Amino acid sequence: MKKLTPKSMDFSKWYVELIRKAELADYAPIKGMMVIRPYGYAVWENIQSLLDKRIKQTGHSNAYFPLFIPESLLQKEIEHLEGFSPEVAWVTHGGREELEERLAVRPTSEAIICQMYSKWINSWRDLPVLINQWANIVRWEKATRLFLRTTEFLWQEGHTAHETYEEAQKETLMILSLYKEFVETELAIPVISGKKTEREKFAGALDTYAIEALMSDGRALQMGTSHNLGQHFSKVFNIKFEDRNQDLQYVWQTSWGVTTRLIGALIMSHGDDSGLKFPPRVAPIQVIIIPISIGDWKENVLPVVKNIKSILDQAGMRVKIDEREEFTPGWKFSEWEMKGVPLRVEIGPRDIKKNQALLVRRDTMKKETFHLDSLKEKVPEILEEIQGNLLDEALKFQMENTNGTQNYEEFKAIIESKKGFIKAFWCGSEACEEKIKEETMASIRVVVLKEEEYKPVGKCAFCEKKSEDLVYFARAY
RNA sequence: CGGGGCGUGGCGCAGUCUGGUCAGCGCACAGCGUUCGGGACGCUGGGGUCAGGGGUUCGAAUCCCCUCGCCCCGACCA
């Protein structure tokens with residue numbers, strides 16, 4: 001395990017090296033595909049359980065739909081088909097037999113789920129339908145990148161059906177704020193949220209909303225999307241119900257998802273030149289205990305260490321003891337720093353005599369000794385502090401790298417020199433959006449949602465027309 | 001998919017221009033011993049059809065052609 005390429009020297013190299021050295025993932029022998037290794041998968045499992053809880057608390061249930069979607073179903077919603085067809089993988093044969101109809105490997109599941117919803121929904125009494133699934137997705141991307149864009153990825157996709165537009169809209173926005181809360185609380189990554197422009201919205205949606213975060217190289221990353229599908233799908237899939245007035249109506253739908261890309265965001269938001277820095281809430285290992293192996297440590301140190309582990313285990317923490325004899329303590333320190341474990345506990349013979357342990361925080365690298373009896377209280381306290389500190393640091397970074405301007409020349413200068421978010425006004429025309437993207441490579445990440453009490457007015461960053469749409473621009477992944 | 005770069009034991013590289021003396025180094029790995037509070041050391045040992053295929057040549061890691069993969073910059077996208 002050698003040193004990492006410094007982040008400031010070559011961000012991409014740093015990112016890929018870190019993923020492989022920390023054993024999060026590895027390249028698979030198929031183009032654009034990766035293996036998520038146990039340590040990386042453990043992060044995903046933590047993300048899953050924390051998010052799944054929220055999804056269920058808001059009334060949704062999990063289900064599972066088929067991996068394959070018949071071509072005829074995918075074709076029903078025309079925008080949807082056109083949006084996804086360039087990246088669909090097709091199954092053409094079953095065994096030796098050519099299939100009568102090609103099967104798409106799901107690039108998303110609207111089509112197959114809508115097909116089922118049309119059978120299940122008859123009355124307003126059947127609504128709302130609130131279903132989520134955890135699944136794998138295949139999109140034949142041209143350029144891939146570990147965790148951020150791979151040919152196959154894991155995600156959760158929620159698919160709901162409602163009686164009215166208002167209800168669907170409420171669901172869409174509820175999920176948007178659920179995502180924001182989840183990502184900020186558990187992943188310690190601050191996000192901005194808002195609506196996508198027509199150009200950036202989901203293929204087949206009425207409106208798309210998203211949360212976006214700033215990575216530490218100054219580029220934005222879409223972290224989650226929530227779509228109000230309107231009646232686009234219900235009309236073509238014939239999802240009708242008899243409403244409270246005995247009139248036949250098409251349902252109003254939503255869909256929303258977050259993916260294994262979140263792991264990429266964790267790496268890029270918090271990582272440094274020593275490696276990963278996992279927020280405690282999603283860290284596979286929260287506390288690594290390193291017994292200092294000197295002299296008769298096995299008799300004197302190890303039993304104490306094991307006792308501490310069991311106390312912390314019982315308090316609900318994820319704790320590991322590194323008692324490997326083939327590595328020196330110094331080597332282990334570096335290794336676990338690379339792997340982003342939030343808190344290290346060092347205990348050697350010297351400490352045993354004084355009934356103390358040395359605690360080292362991954363985020364600040366600060367060292368402090370504590371009495372062994374206080375660890376049960378101190379450790380969770382420090383973990384909470386680390387969680388908070390990581391969010392604060394990321395928030396500070398986001399604020400420092402968010403600039404406002406109403407002047408296009410200044411806009412261009414900011415994008416070139418500092419990157420980050422640019423908060424600006426936009427007249428709403430696709431032409432301006434397109435021009436800016438062409439000339440600066442910055443796209444509109446989100447249009448800020450209007451609130452009752454706050455209605456800003458300004459002039460479009462490009463054409464200088466009067467505008468009420470405040471937007472965030474950035475160069476994005 | 002366009003432009004550029006790269007591909008040599010697990011990882012990082014040298015060797016490629018100028019074909020032969022070239023399968024080499026560091027780390028990692030295995031065994032033994034001494035070590036161990038910030039990436040220890042000694043001795044011994046295992047591992048590579050030089051990304052794959054084809055060609056030129058008496059002879060190819062080295063020259064030519066094709067294919068694949070990875071990285072970077074664009075276009076597209078969770």
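1. Start with the base contact. In this predicted model, a polar backbone atom of Thr150 lies 2.6 Å from a base nitrogen of RNA strand B. Three elements each give two or more residues to the surface near the RNA: helix 11 (329-338), strand 17 (343-347) and helix 12 (349-354).

2. Now the phosphates. Tyr27 places a polar side-chain atom 2.5 Å from a phosphate oxygen of RNA strand B. Gly32 uses its backbone instead: one of its backbone N or O atoms is 2.8 Å from a phosphate oxygen of the strand.

3. Look at the whole RNA surroundings next. There are 44 residues around RNA strand B, and those that come nearest are Ser12, Tyr27, Arg149, Arg344 and Asp351. Among the atoms of the RNA that come within 4 Å of the protein, 45% belong to sugar and phosphate.

4. Which element gives the largest share of the surface near RNA strand B? Helix 11 does, with seven residues. By class, this surface holds 18 charged, 15 nonpolar and 11 polar residues.

5. Turn to a small piece of the fold. Three strands make an open sheet, in the order 4-6-5, with antiparallel pairing. Strand 4 (68-70) and strand 5 (89-94) are at the edges. Each has a single partner strand, so one side of each has no neighbour in the sheet. Neighbouring strands here are turned against each other by 45 degrees on average, ignoring direction.

6. One pairing in this sheet can be followed in detail. Strand 5 and strand 6 (residues 97-105) run antiparallel to each other, paired over five bridges. What is the bridge partner of His93 in strand 6? It is Glu98. In general, the strands of a sheet pair through backbone hydrogen bonds, and the pairing can be parallel or antiparallel.

7. Next, empty space. Rolling a probe the size of a water molecule over the atoms shows where such space is left. The largest pocket holds about 1100 Å³. It is lined by 42 residues, and the closest to its centre are Arg139, Glu141, Gln222, Thr225 and Arg261.

8. Which elements give two or more residues to the lining of the largest pocket? They are helix 4 (78-84), strand 8 (152-162), strand 11 (220-230), strand 14 (252-259) and strand 22 (443-447). The lining divides into 14 nonpolar, 14 polar and 14 charged residues.

9. There are also cavities. How many are of 30 Å³ or more? The count is two. The largest cavity has about 60 Å³ of space. Its lining consists of Val448, Leu449, Lys450, Glu451, Tyr454, Pro456, Glu468, Asp469 and Leu470. Five of these lining residues are nonpolar, four are charged, and no polar ones occur.

10. The second largest cavity has about 50 Å³ of space. Ile288, Trp336, Glu337, Val341, Arg344, Val360, Arg361, Arg362 and Met365 line it. Helix 11 and strand 18 (356-361) are the elements that give two or more residues to this lining. By class, the lining has five nonpolar and four charged residues, with no polar ones.

11. Finally, a link to check on screen. Arg344 lines the second largest cavity, and Arg344 is also among the residues that come nearest to RNA strand B. Helix 11 likewise appears twice: this helix gives residues to the lining of that cavity and seven residues to the surface near the RNA.

Notes:
Residues numbered from 1 in each chain as written. Chains lettered and ligands numbered in written order. Predicted model: local features only at pLDDT ≥ 70, side-chain atom pairs only at ≥ 80, totals over all residues. Heavy atoms only, no water. Near = heavy atom within 4 Å. Polar contact = N/O pair within 3.5 Å; in protein donor to acceptor, adjacent residues only side chain to side chain. Helix = DSSP H or I, 4+ residues; strand = E, 2+ residues; numbered from the N terminus. Nonpolar A, V, L, I, M, F, W, Y, C, P; charged D, E, K, R; others polar. Pairing = 2+ DSSP bridges. Axes fitted to C-alpha atoms, helices over the stretch in contact; angles between N-to-C directions. 1 Å grid on protein atoms, 1.4 Å probe; cavity = no way out; pocket = protein on both sides within 12 Å on 5 of 7 lines; lining within 4 Å. Points joined across faces, edges and corners; volume = space filled by probe spheres on them.
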